[in-house]
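Reader: I have a model open on my screen and would like to learn how to read it. Where do we begin?

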Amino acid sequence: MLESSIHHIAKSINKELYERLPNQRKTQRESLSLMVATMLEVRSANTMELASALPREAERIDMRYQWIERFLKNPHIKPDEIMIPFAKELLRYPAEHGMVVIQMDQSHLNDEFEVLMLSLSWEGRALPLFWSVEKTQGGIGFSHQKKLLSRLWPLLDRNVRVVLMGDRFYGTPDLIAYCRKNGWDYRLRLKNNLLIFQDGGEITTGELARTPQSYHQNVLISQKKVPTHLGIIQEEGHPEPWIIAMSSLPSFYKTLDYGLRWGIEPMFSDFKSRGFGLGNTQLQFSDRLQRLILVMTLAMYWAVSTGMWDKKKNPLPAEKNTKNQKSYIGKSPLSLKEVCVA
């Protein structure tokens with residue numbers, strides 16, 4: 001039965017949440033577990049669809065919808081606090097290899113809201129760590145970026161190399177200065193209209209990209225004159241070059257590292273068009289959207305870790321020869337729909 005399958009998954013999720021969040025109130029943990037299990041079954045961010053599948057005693061769908069509404073507006077369910085033990089676990093695995101690649105990007109939710117997301121790059125995928133939903137139609141500015149990064153900072157091993165990836169929304173003097181101050185490496189794409197000071201002269205990044213030289217050391221960006229290195233790649237068939245700011249001495253391959261950020265695109269697709277359909281939600285409050293993303297994130301973690309458990313227990317012939325058959329969250333390169341188990 002549908003109800004018993006959701007309850008069965010919810011009990012397993014509740015057990016794992018208790019292991020990571022032993023101090024969370026039992027009622028909150030049980031409600032969150034039930035929401036995540038229902039999300040896995042329905043795979044939709046539409047609250048009416050969630051209400052139709054929610055295994056509550058109330059027979060009327062409007063009463064189940066009200067229960068979901070109360071859950072999403074509960075101020076005691078704090079996504080940042082709930083994500084901390086999961087983020088610690090995720091960060092531990094790449095740290096064992098000496099490097100953590102963090103991606104920052106934002107995505108359009110609906111006509112009013114954008115989400116700014118920090119995610120971990122791991123084996124070609126991006127897994128959510130922390131996020132912020134803002135009511136805006138443009139880029140979410142550095143003050144919000146800094147606040148989001150401050151949630152990540154205490155969880156990082158100071159002996160591990162951190163690389164921050166970001167698109168043109170984030171290639172700003174302020175963010176570059178933040179990375180330099182904290183000793184982070186970075187690959188941040190720049191807009192083509194930024195002012196560059198080099199060898200006593202001034203030039204825009206777009207003009208610099210049209211010169212024969214592709215790699216530039218110790219240039220200064222904008223009137224703030226923040227120092228950085230630049231690498232420029234113009235791929236065949238692409239209308240615009242990559243103009244990448246980096247802390248490392250620039251080269252072709254170090255500039256090409258920027259391509260790692262594309263792992264965040266499938267993640268947003270899993271949240272939206274290919275998976276949960278977050279863009280179709282009718283929620284109009286940022287805090288409720290943040291809790292809905294929390295539910296989807298935990299559902300994604302559960303789906304990926306379940307897929308990896310199955311890969312270990314029931315490997316395909318090609319998988320039997322692979323090394324390091326560990327089962328842990330964040331290992332899978334598959335899409336949400338390929339590993340989601342109801």
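Author: We go from the whole chain to single residues and then to charged pairs. Keep in mind that this is a predicted model.

Reader: How many helices and strands does the secondary structure of the chain come to?

Author: Twelve helices and ten strands.

Reader: What share of the 342 residues is buried?

Author: Buried means under 20% relative accessible area. Here 51% of the 342 residues are buried. The chain exposes about 16700 Å². Carbon and sulfur atoms supply 49% of that area.

Reader: What share of the contacts joins residues 24 or more positions apart?

Author: Take the contacts in the chain with a separation of 6 or more. Residues 24 or more positions apart account for 59% of them.

Reader: Let us look at one helix. Which residues of α7 are buried?

Author: Helix α7 covers residues 173-182. Pro173, Leu175, Ile176, Tyr178 and Cys179 are buried there. Then look just after α7: Gly183 takes a positive phi of about 75°.

Reader: Now charge. How many salt bridges does the structure hold?

Author: A salt bridge needs a side-chain nitrogen of Lys or Arg within 4 Å of a carboxyl oxygen of Asp or Glu. The structure holds 13 of them. Start in helix α2, where Lys26 and Glu30 both lie. Their side chains meet in a salt bridge at 4.0 Å, N to O. The two residues are four apart, about one turn of the helix.

Reader: Are Lys26 and Glu30 buried or exposed?

Author: Lys26 counts as exposed because its relative accessible area is 55%. Glu30 is partly exposed, at 38%.

Reader: Arg29 is in α2 as well. What is the nearest side chain of opposite charge to Arg29, and how far away is it?

Author: That side chain is Glu30, 6.3 Å away. Arg29 is buried yet has no salt bridge. Helix α2 spans residues 26-42. Now set aside the neighbours of Arg29 within four places in sequence. Arg29 is then in contact with Asn14, Leu17, Tyr18, Leu21, Pro22 and Gln24.

Reader: Which salt bridge should I look at next?

Author: Take Asp185 and Arg187, whose side chains meet at 2.9 Å, N to O. Asp185 is buried, at 7% relative accessibility. Arg187 is buried too, at 0%.

Reader: And which residue forms a salt bridge with Glu240?

Author: Arg189 does, with the closest N and O atoms 3.9 Å apart. Glu240 lies in the loop between β9 (226-233) and β10 (242-246), and Arg189 in strand β5 (residues 185-189), so the pair ties together parts that are 51 residues apart in sequence. Glu240 counts as partly exposed, at 36% relative accessibility. Arg189 counts as buried, at 8%.

Reader: Which residues do shared salt-bridge partners join into one network?

Author: Arg161, Asp185, Arg187 and Asp257.

Reader: One polar residue to finish. Where does Asn74 lie?

Author: Asn74 lies in the loop between α4 (61-72) and α5 (79-95). Asn74 counts as buried because its relative accessibility is 19%, and the cut-off is under 20%. A polar atom of its side chain lies 2.9 Å from the backbone nitrogen of His76. Leaving aside neighbours within four places in sequence, Asn74 is in contact with Gln28 and Arg291.

How values were computed: Residues are numbered from 1 along each chain as its sequence is written. This is a predicted model: local features need pLDDT of at least 70, side-chain atom pairs count only at pLDDT 80 or more; totals for chains, interfaces and linings use all residues. Side-chain values use heavy atoms; hydrogens and water are left out. Buried means under 20% relative accessible area, exposed over 50%, partly exposed in between (1.4 Å probe, protein chains only). Contact means heavy atoms within 4.5 Å. Accessible areas come from the Shrake-Rupley method with a 1.4 Å probe; for residues, only the protein chains shown count as cover. Lys and Arg count as positive and Asp and Glu as negative; His and the chain ends are not counted. A polar contact is a pair of N or O atoms within 3.5 Å; within protein, one must be able to donate a hydrogen and the other to accept it, and residues adjacent in sequence count only if both atoms are side-chain atoms.
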